[in-house]
Each structure stands twice: as structure tokens, then as C-alpha cells.
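Several terms are used when a protein structure is described, and each rests on a cut-off. Please look at the structure below with those cut-offs in mind.

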Amino acid sequence: MKREFKAGEYVHVPAETMVWDMDDRGDVKSYLRIQSPVALMCLGSHRDYKFNDSIMYNVFYEGKVFSVSEDDVYSLENR
């Protein structure tokens with residue numbers, strides 16, 4: 001069972017994770033691969049109907065908001 005994260009909570013995102021900068025329609029504007037493990041602030045979640053109908057978390061990384069798949073977001077206690 002996956003844990004649900006809330007806005008304002010810090011989450012663990014492992015190295016080599018892809019994060020996406022998406023527009024309001026859910027189209028990818030750009031993406032990057034996180035080079036080392038990081039703790040990022042969760043800004044909320046949304047269902048991405050264009051990405052296999054999966055849950056995506058919005059996180060704050062390097063001054064921007066990115067989306068990351070729920071499969072790549074972990075509790076800081078379980079990292």
C-alpha cells in the first residue's frame with residue numbers, strides 16, 4: 001500500500017529519478033533526472049490522465065515546481 005503525502009510534507013526522491021515540468025493541460029514542457037537523492041517539499045498531488053492515469057506529486061526542486069510519479073516518492077523515514 002502506497003503512502004499518501006500531503007502539501008508541506010518533505011519526501012525522499014532517490015537519485016536517477018525523472019521529474020517533469022508540466023503545463024496546465026498536463027503536457028510535458030521539460031524534464032530532468034535528479035542526480036543524487038534529495039528531500040523535497042511536496043506541494044500536493046494530482047491524477048495525470050495522460051501518464052497512465054497515475055498519481056503525480058508536485059515537488060519544489062531548484063526553484064521550480066516539478067511533477068514526479070508516486071512510484072518515485074518515499075517517506076523520509078523509509079528511505
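The questions and answers that follow set computed values against the definitions of the terms.

Q: What makes this model one to read with confidence limits in mind, and how are its residues numbered?
A: This is a predicted model, in which local features need pLDDT of at least 70 and side-chain atom pairs count only at pLDDT 80 or more, while totals for chains, interfaces and linings use all residues. Residues are numbered from 1 along each chain as its sequence is written, and side-chain values use heavy atoms, with hydrogens and water left out.

Q: Why is the pairing of lysine 29 with aspartate 21 called a salt bridge?
A: The term stands for a side-chain nitrogen of Lys or Arg within 4 Å of a carboxyl oxygen of Asp or Glu. For lysine 29 and aspartate 21 the closest N and O atoms are 3.9 Å apart, so the pair meets the definition. It is one of 5 salt bridges that the structure holds.

Q: How do you know which of these two residues, lysine 29 and aspartate 21, is buried and which is exposed?
A: Buried means under 20% relative accessible area, exposed over 50%, and partly exposed in between, with a 1.4 Å probe and protein chains only. Aspartate 21 has a relative accessible area of 8% and is therefore buried, whereas lysine 29, with 56%, is exposed.

Q: What makes the salt bridge between aspartate 21 and lysine 64 a tie between separate parts of the chain?
A: The closest N and O atoms of aspartate 21 and lysine 64 are 3.0 Å apart. Aspartate 21 lies in strand S2 (residues 18-22) and lysine 64 in strand S6 (residues 64-69), so the pair ties together parts that are 43 residues apart in sequence. Strands here are DSSP runs (E, at least two residues; helices are H or I, at least four), numbered from the N terminus. Lysine 64 is partly exposed, with a relative accessible area of 37%.

Q: How do you know that arginine 25 and aspartate 27 form a salt bridge, and which residues are joined into a network?
A: The closest N and O atoms of arginine 25 and aspartate 27 are 2.9 Å apart. Arginine 25 counts as exposed at 62% relative accessibility, and aspartate 27 as partly exposed at 25%. Through shared partners, salt bridges join Asp21, Lys29 and Lys64 into one network.

Q: What makes aspartate 48 a buried residue, and which residues does it contact?
A: Aspartate 48, in strand S4 (residues 38-48), has a relative accessible area of 4% and is therefore buried. Contact means heavy atoms within 4.5 Å. Apart from neighbours within four places in sequence, aspartate 48 is in contact with Met22, Asp53, Ser54 and Met56.

Q: Which residues of the largest nonpolar core touch the most other members?
A: A nonpolar core is a set of buried Ala, Val, Leu, Ile, Met, Phe, Trp, Tyr and Cys residues joined through side-chain atoms within 4.5 Å. Of the 14 residues in the largest such core, Val11, Ile34 and Leu40 touch the most other members. Strand S1 (10-13), S4, strand S5 (54-61) and S6 each supply at least two residues of this core.

Q: What makes glutamate 16 and glutamate 62 worth checking in the backbone?
A: Most residues other than glycine have a negative phi. Glutamate 16, in the loop between S1 and S2, has a positive phi of about 70°, and glutamate 62, in the loop between S5 and S6, has a positive phi of about 50°.

Q: Why is the pair of phenylalanine 5 and tyrosine 57 called edge-to-face?
A: Rings of Phe, Tyr and Trp (its six-membered ring) pair if their centres lie within 6.5 Å, and planes under 30 degrees apart count as stacked, over 60 as edge-to-face and the rest as tilted. A search of the whole structure finds 2 aromatic pairs. In the pair of phenylalanine 5 and tyrosine 57 the rings are 5.6 Å apart centre to centre with 75° between the planes, which fits edge-to-face. This pair links distant parts of the chain, with phenylalanine 5 in the segment before S1 and tyrosine 57 in strand S5, 52 residues apart. Tyrosine 61 and phenylalanine 66 also form an edge-to-face pair, at 6.1 Å centre to centre and 65° between the planes.
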